Amino acid sequence: MATQAFRPCGDFKSSYAADQTIFPTAWSRNFCILGVVLVAAAPFLVDRYVLSLLIQIGYLGIAALGLNILVGFTGQISIGHAVFFGFGGFASCFLNGKAGIPPILSIPLAGLMTTAVGLVFGIPAARLKGLYLAIATLAAQFILLDFFGRAEWFTGGSNGTVADPVSLFGFKFDHDESFLYVVLFYVVVLYVAAANLMRTRDGRALVAVRDYYLAAEMMGVNLTKYRTLSFGISSFYAGIGGALYAHYLGFMSIEGLDISFSIQFLAMVIIGGLGSIMGTLMGTAFMVLLPQGVNFLARSLDGSAIDHALGLHEGLPFLREMAIGAAIILFLIFEPDGLAHRWKQIKAYWKLYPFSY
Amino acid sequence: MTPHPVLVARDVSIRFGGVKALTDVSFEVRPGELFSIIGPNGAGKTSLLNCISGRYRPTAGSISLGGRDITHLKPNKRAAIGIGRTFQNLALFGHMSVLDNIMVGRHHLLKNNFLTGPLYWLSGARNEELAHRREVEHIIDFLEIEAVRHATAGTLSYGLRKRVELARAMALKPKLLLLDEPMAGMNLEEKEDMARYILDLNEEWGITIVMIEHDMGVVMDISHRVMVLDFGRKIADGLPAEIMENAYVKKAYLGEDLPDLEEDAAA
């Protein structure tokens, strides 16, 4: 892992295998398993509205993880992540609707198709850096968005296209209660895969390229290959996220795939923590729950003096946008390392509890 | 001596616009040798090292390693043929742990990739990583950096970072190790430690070393042969004792500048 793991006092490892685990301590592993179990039990515990939020965090979290691999781990930049998310959605609908491939297969295939597209747009990344690369990825955003608008055979044009629900052996995952498990499966598999990638050869190479590309090159890392590969992996995750989104809604259109969605992905990654896998999920959850929080606040102030003074009712959509902007700015100033770092500090605070001296 | 030198440079020249950084530099490094390059600042030492490691492409001349012409070989291909190097200004991967830094050095030796890596337990990537971890631990043990193996590289002290950089270069199993000022900015004790590591590397691990160093005491003590550069030209090469006696060397490099150099080392 890129960031140094926190280890409690007296926690010694006696084998290299025990020292290379994804989770540095048994506690952190069990905590994570507990989280998965709780989400799996969620359909029996919470209402459909909360489930829809969990599903949203799931598919957006997968796509955001892709962006974090690109931006956080490899040190590249992309302001076109939303179109890769969209491409995955359209590709899965296309494979499903036109080629008759069941969604259970079309989702991973859509991921692979998006990878191919991402690799093409990743080629400039081998040569460009920083602002120039940002502009090049901006081009991807506009080119693909335009393509979605025109290619009716692929996307259904402005009408959009329908997607079948995911089904397995005749069982349809067409409700929030059941689709949650599909998303949970993908989240667990893809997050574990990313964690594994980061502790093996190619993951280290990506981080090496970010930290000191000249030294990485001397260590035998092919810069062109890894910079492009990073785009490929990032697009794969975006594609899977988008495909899940399409089959969740049962419908895919170009609506919402604009640049502000791409920026939202960047916000998730920055707020969660660049170069942190679990942080990505935290950041996504934050970004999904933030508008809900603003809504809740506005609703509880409804009819009060503050509401009349500020006109919260009419301003709600703007308020939401502003909250997102403010969150990004506040995080950049006060916690540039994101929620993952904050979480680590909270753990470090309790490290020596109750004898904190 | 064996008739076949490891590294041969023939008339290497490099120019940056109007500046000739190197002019017709030729030298040979024999197997198992500890070869030092000295010269005043701006003499072209690092440029020469960059030509060998592939950062720069010589405008004229050729460089070959073990009989193979590597003048135009890409830098990232040179790890696999056995060239490792450290940098004058530290070039560690600052946010990675010391262990991961060193493991990056195993890059060309590891087989797992972005497809097999994520399948950690199923694809055998785990066993491969652990086997290499074991090898890397030998290096960690040799350089006495066990205590910091999990520390983030960017947080270490200067002397330790130099050592981690050496460890990373060692991890790629080099036949030829290029060290660019391995002792710059170190105190006496750290220098002595580093000199001992370099000697052990050379004698016990059998690695051929090309080293740039300013500390004349160290250079003359541990090198087998020394080459002197000034203004991009080779002035002399030979045994340390011969170099010390060379009139041109005394004048151009050792002569009047020597007290200054000692001050630099002290500071």
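Visitor: Which strands of chain B does helix 1 lie across, and at what angle to strand 1 does it run?

Guide: An angle here runs from 0 to 180 degrees between N-to-C directions of axes, which are lines fitted to C-alpha atoms, for helices over the stretch in contact. Helix 1 (residues 45-53) of chain B crosses strand 1 (7-16), strand 2 and strand 4 of chain B, at about 115° to strand 1. Helices (H or I, at least four residues) and strands (E, at least two) are DSSP runs, numbered from the N terminus. The model is predicted: local features need pLDDT of at least 70 and side-chain atom pairs count only at pLDDT 80 or more, while totals for chains, interfaces and linings use all residues. Residues are numbered from 1 along each chain as its sequence is written, and chains are lettered from A and ligands numbered from 1 in the order in which they are written.

Visitor: In what order do the 4 strands of the open sheet in chain B stand?

Guide: Strands are paired if DSSP finds at least two bridges between them. The order in chain B is 2-1-4-5, with antiparallel pairing. Strand 2 (19-29) and strand 5 (68-69) of chain B each have a single partner strand, so they are the edges and one side of each lacks a neighbour in the sheet.

Visitor: How many bridges join strand 1 of chain B to strand 2 of chain B?

Guide: Antiparallel strands 1 and 2 of chain B are joined by 7 bridges. Within this pair, Ala9(B) faces Phe27(B) across the strands, and Arg15(B) has Lys20(B) as its bridge partner. The two strands make a hairpin with 2 residues between them, and Gly17(B) in the turn has a positive phi of about 60°.

Visitor: How many bridges join strand 1 of chain B to strand 4 of chain B?

Guide: There are 5 bridges between these antiparallel strands of chain B. In this pair Ser13(B) is opposite Ala60(B) of strand 4. Strand 4 (residues 60-65) of chain B is also joined to strand 5 of chain B, by 2 bridges and again antiparallel; there Ser64(B) has Asp69(B) as its bridge partner.

Visitor: Which residue in the loop between helix 3 and helix 4 of chain B should I look at?

Guide: Look at Glu144(B), in the loop between helix 3 (125-142) and helix 4 (158-171) of chain B. Its phi is near 55°, a positive value in a residue other than glycine. For burial, count the other C-beta atoms, placed from the backbone, within 10 Å of a residue's own: 20 or more is buried, 12 or fewer exposed, and in between partly exposed. Glu144(B) has 12 and is therefore exposed. Phe231(B), also not a glycine, has a positive phi of about 45°; this residue sits in the loop between strand 9 (225-230) and strand 10 (233-238) of chain B. With 15 other C-beta atoms within 10 Å, Phe231(B) is partly exposed.

Visitor: How many helices and strands are there in chain B?

Guide: Chain B has 9 helices and 10 strands. The globule rule gives 2.2 Å times the number of residues to the power 0.38, for a radius of gyration taken over C-alpha atoms. Chain B has 19 Å, close to the 18 Å of the rule for 267 residues, so it is as compact as a globular protein of that length. The C-alpha trace of chain B spans about 65 × 40 × 40 Å along its principal axes, and 45% of its 267 residues are buried.

Visitor: Into which domains is chain B divided?

Guide: Domain bounds come from an automatic or database domain assignment. Chain B has domain 1 (1-82 + 177-196 + 208-267) and domain 2 (91-173). The contact between them takes 8 residues from domain 1 and 8 residues from domain 2 of chain B; residues are in contact if their C-beta atoms, placed from the backbone, lie within 7 Å. The centres of the two domains, taken over C-alpha atoms, are 28 Å apart.

Visitor: How many residues of chain A are in contact with chain B?

Guide: Contact involves 31 residues of chain A and 37 residues of chain B. Helix 9 of chain A gives 8 residues, the largest share of the chain A side. As for chain A itself, the secondary structure comes to 16 helices and 4 strands, and 46% of its 357 residues count as buried. The C-alpha trace of chain A spans about 60 × 60 × 45 Å along its principal axes.

Methods
Two residues are in contact if their C-beta atoms, placed from the backbone, lie within 7 Å.
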